[in-house]
Amino acid sequence: MNQFQGSHILSVNQLDLDAIQTIFTVAQKMTPYALREKRTKVLDGAILGNLFFEPSTRTRVSFGCAFNLLGGRVAETVGMASSSLSKGESLYDTARVLSSYSDVIAMRHPESYSVREFAEGSRVPVINGGDGANEHPTQALLDLFTIQKELHSKGLGIDGMHIAMVGDLKYGRTVHSLSRLLCMYKNISFTLISPAELAMPDYVIADIENAGHKITITDQLEGNLDQADILYLTRIQEERFPSQEEADKYRGKFRLNSAIYTKNCKSNTVIMHPLPRDSRLQANELDNDLNNHPNLAIFRQADNGLLIRMALFALTLGVDNQLEKYECPVNWYSRKADR
């Protein structure tokens, strides 16, 4: 992908290493704005159509906040029932109309490839905020950005690393997209840990193998984490299962707490999770006793999501080189700026 301005961001397959590095470079430039050290009004007057037809907290709010931090305004639709899609309107018609009201659109939808279908009717750039069990490209980018930063702080790089992915790898779209991005790097070892029924899809495994990476597939947590540089957990994606009873069969099967981490992981293994983590007693996949652990990166991960989404808005709207021109001071007290 050589041209961001005016382009849709629908799949990680659009990206190469140069494009990823461009996004990461711009994301790093967003740090002072995210920390409220200063403001930029580079998107003053621009409107984001934030269309979330599936439940979301972090992704929806971070897209909106990312646009606000660049000076833009957000028009939001939440839930299928509150939209004309519930009346039988097509994605194409919805796109044709709503894109006339917006300068860029972020969209999440429960059906695979729905965001691509929507983009075909849109007159403005569309950014995929998650389409069913298919992809979540902005999450994959923020995950990769986090991996790069966390490993760099330990004197390591992505090439040659070992990542263990744990949990619902069948329906977890975040691990699908992240795996595809990691295939661009060199000599990575993947350990995929899940129940056989929730294994990584064959096409993702084929991508990993065709890229020449090492892959281990198992249903056992113990004994398979000792070499991992990154431990990436996922929750059971209960909304993708045919019934609650089916999802409950796997809930709580893989759990990580401080004792399990100490026993099975290296002392510097980074813990990641796309959130939300399921903290209900019957699941508790990532225990609260890890909340203050220095290698728990889940909240740094979420912070990085703001930077990545700000970068994508700046790139698709062609203002990535105008940020400083529209800077102004922060005139309210911010604890963020104090840290």
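**Exercise 1.** In this predicted model, classify Arg300 as buried, partly exposed or exposed, then characterise the salt bridge between Arg300 and Glu150.

*Solution.* Step 1: Arg300 has a relative accessibility of 33% and therefore counts as partly exposed, given that buried means under 20% and exposed over 50%. Step 2: Glu150, at 8%, counts as buried. Step 3: the side chains of Arg300 and Glu150 meet at 2.6 Å, N to O. Step 4: Arg300 belongs to helix 11 and Glu150 to helix 6, so the salt bridge links parts of the chain 150 residues apart.

**Exercise 2.** Determine which parts of the chain are tied together by the salt bridge of Asp229 with Lys266.

*Solution.* Step 1: the closest N and O atoms of Asp229 and Lys266 are 2.7 Å apart. Step 2: Asp229 lies in the loop between strand 8 and strand 9, and Lys266 in the loop between helix 10 and strand 10, so the pair ties together parts 37 residues apart in sequence. Step 3: Asp229 counts as buried at 11%, whereas Lys266 is partly exposed at 26%.

**Exercise 3.** Describe the largest nonpolar core and the contacts of Ile163.

*Solution.* Step 1: the core comprises 67 residues; Ile23, Ile163, Met165, Leu182 and Phe313 touch the most other members. Step 2: helix 11 (residues 298–316) gives the most to this core, with 9 residues. Step 3: domain 1 and domain 2 each supply at least three residues to this core. Step 4: leaving aside neighbours within four places in sequence, the contacts of Ile163 include Ile147, Leu178, Leu182, Phe190 and Tyr232.

Note on methods: Residues are numbered from 1 along each chain as its sequence is written. This is a predicted model: local features need pLDDT of at least 70, side-chain atom pairs count only at pLDDT 80 or more; totals for chains, interfaces and linings use all residues. Side-chain values use heavy atoms; hydrogens and water are left out. A nonpolar core is a set of buried Ala, Val, Leu, Ile, Met, Phe, Trp, Tyr and Cys residues joined through side-chain atoms within 4.5 Å. Buried means under 20% relative accessible area, exposed over 50%, partly exposed in between (1.4 Å probe, protein chains only). Helices (H or I, at least four residues) and strands (E, at least two) are DSSP runs, numbered from the N terminus. Domain bounds come from an automatic or database domain assignment. Contact means heavy atoms within 4.5 Å. A salt bridge is a side-chain nitrogen of Lys or Arg within 4 Å of a carboxyl oxygen of Asp or Glu.
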